[in-house]
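Student: I have a structure to study. Can we go through the reasoning behind its labels?
Tutor: Yes. Here it is.

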Amino acid sequence: SEKVRKADADVKICLCQVGSASFDGEFTESVARAFAGHTRPMVRINSSVYGSDDSAQPLPGLFFTMIRYSQHLPEDIELIHEADTYPHTRFYMSALQLKSLMTIAFASGFNTSLFYTTQYLDNPLEENGYNLMFLKENKRFEILKVTIKNCTINGCEISFDPEEHFVVPYNCQSKNRPYARRNPWIDVIGSFGIPQTAKDGKVKMIAGNATEIKSDEEIKNILSGSVFLDGQAAFNLSKRGFGNLIGAEVLKGARANFCYEGVRKDVNFVDVKGDLMYNLIFAPSGSEGGDFYQLLPSVRAEVLTDFLDPEEKPAMPGMVRFENDLGGRVAITAFDLARNRSSAIFNYKKKEIIRQTIEWLGKEQLPVFVKYLPNVYCLFNRSRDKDFGVVVLVNLCSDPVDSFFLEMAEEWIGSDVFRLDQEGRWKSVSSFYENRLVHLKVPLYRMDPLILKLIKR
C-alpha cells in the first residue's frame, strides 16, 4: 500500500476479507485502516458460498456474518458485500441464492456489493442469469437500503467472540484440526423464524467454548442477565463452579438410554401439539445422532422436557430454566448443538419451545416470529423512532407456501403491512389479525426474499 500511496495518495485500497479474518482474533478493522491511508476504509466482507446452491446449510451462517460485521465495525468503514458466484454458473449457485445473500446484506446495512457477474473465459457473459436478476431487483435493493438506514436490528443475540479460538489451539499437524466452531445457535435460530442480532440483544444465545475466555467477573455479569446455554457451554460453566448460577450441575453424557424427548405435563407451553419428540442419539443414521450432557437440576430449577426411555419414562432432564440469585434467568438444553443437527433439535415442537423460552428469559415478546413453518429465516429492523419495522423473510425450504402467519409482539398488533415489489414500491398486503397472530396472504418461495414493512397505526 505504501507504493500505491507514493504514486497517488487518493487511491482507495479495499480489504478483500478472507474467511479466516476472525481466526485467533479479529484483524478486519486494523488492516482496512492500514490500507485506507487518509481515504475512507473499505472492506469487502467474506459473505458468499462457492459451488453450492444448498440453502438450509450455509445461508444462516453467511447471513449472521453480514449482520455481525455490520453491527461491530465502526460506521466510517464502508461495507461491501461479496456477491461472488464462483465458479460463476448457475450449475452451482442459483440467481435466487445470490438474491437472498444480497438482500440480507443490504438489510443489514451494507453500502454496496462487489458483483462478480462474468466468467474468466473467452465468453465472459455466457452466464446471464445473475445479470437478469440484478436488473430486476436493483430498484428494490436501493429502496431497502434507504428504508433501513435509520433502523437497528432486533432479536435474540447470537454471541460470538473471535478470541474463542484461543481456547481451542490450532494444530496444523493434526488431520482432525481443532477449532472454535461458529455458534451453532445461528443455524437453530435461523431455521426457526426467530429474529436474531449480533449486538445488544436482551437474551444471549451461548454455546460451546464461548465462556472459556471469560473471567469469573465477566461470567457473573452474563449470568445476571438472560442467557440460553447449550449443553457444552453449561458443562464448562458447571466445571468452573457456576452451577449455582445456572441452576444445574452438568456432567458429560454417557450411554444414551433414551429414544424420545418429552414435554413436561405441567409446563404451560402454548401451540405445542403433543408431548413427544424424536431423540435418536442411540441409533445414529443420516441426520440422526449427536452428543448430549447430563443435567442435574437444582431444586429451584424448572424442568421443561425430559429425555424418555422406550416406555416413555424420564431418563434425565432435557431442558431446564432457572432464575438465579443475581436476578438473571438461565435456560439450558442438554444437547451439544454443534454436534447435533438431528430432528431432536429441528422439529416443530422445539421451534415453539425455544421461542417461548427466549421470551421467558427476556421477560418480553420477540417483535415477530414465523409461525408453523420450517426453515424460514427472519431478520427484523426497528426504526429508531419505533414507528415502523422492516421484516425480511427468506424461505430456506423447497416447498412454497401461498400464505403464512406471523406472531407479533403486542406493540405491532394492528400494524398496516406492506411488501416491497421489484419496482421499489410498497404494496399493501392483505392481513388478518387474531390476538398476536396475523395471517398474511402473500406467498413465500424458496430463496426468494420477502421484504415487509410494518407501520404502526
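Tutor: This is a predicted model. By the salt-bridge rule, the count comes to 37 salt bridges.

Student: What makes Glu352 and Lys371 a salt bridge?
Tutor: Their closest N and O atoms are 2.7 Å apart. The cut-off is within 4 Å, so the pair qualifies.

Student: Why is it said that this pair ties parts together?
Tutor: Glu352 lies in helix H10 and Lys371 in strand S17, so the pair joins parts that are 19 residues apart in sequence.

Student: How do you know whether Glu352 and Lys371 are buried or exposed?
Tutor: Buried means under 20% relative accessible area. Glu352 has 4% and Lys371 has 1%. Therefore Glu352 is buried, and Lys371 is buried.

Student: Which network holds Glu352?
Tutor: Salt bridges link Glu352 with Asp271, Arg355, Glu359, Lys371, Glu407 and Arg436 in a network.

Student: Why is Glu323 called partly exposed?
Tutor: Its relative accessibility is 36%. Partly exposed lies between the 20% and 50% limits, so the label fits Glu323. Glu323 meets Arg329 in a salt bridge, at 3.6 Å from N to O.

Student: How many disulfides are there?
Tutor: Zero. Take Cys16: the closest cysteine sulfur, in Cys14, is 4.8 Å from its own. A disulfide needs sulfur atoms within 2.5 Å, so Cys16 is too far for a bond.

Student: And what rules out Cys156?
Tutor: The closest cysteine sulfur to that of Cys156 is in Cys378, 10 Å from it. The cut-off is 2.5 Å, so that is too far for a bond.

How values were computed:
Residues numbered from 1 in each chain as written. Predicted model: local features only at pLDDT ≥ 70, side-chain atom pairs only at ≥ 80, totals over all residues. Heavy atoms only, no water. Salt bridge = Lys/Arg side-chain N within 4 Å of Asp/Glu carboxyl O. Buried < 20%, exposed > 50% of the residue type's maximum accessible area, 1.4 Å probe, protein only. Helix = DSSP H or I, 4+ residues; strand = E, 2+ residues; numbered from the N terminus.
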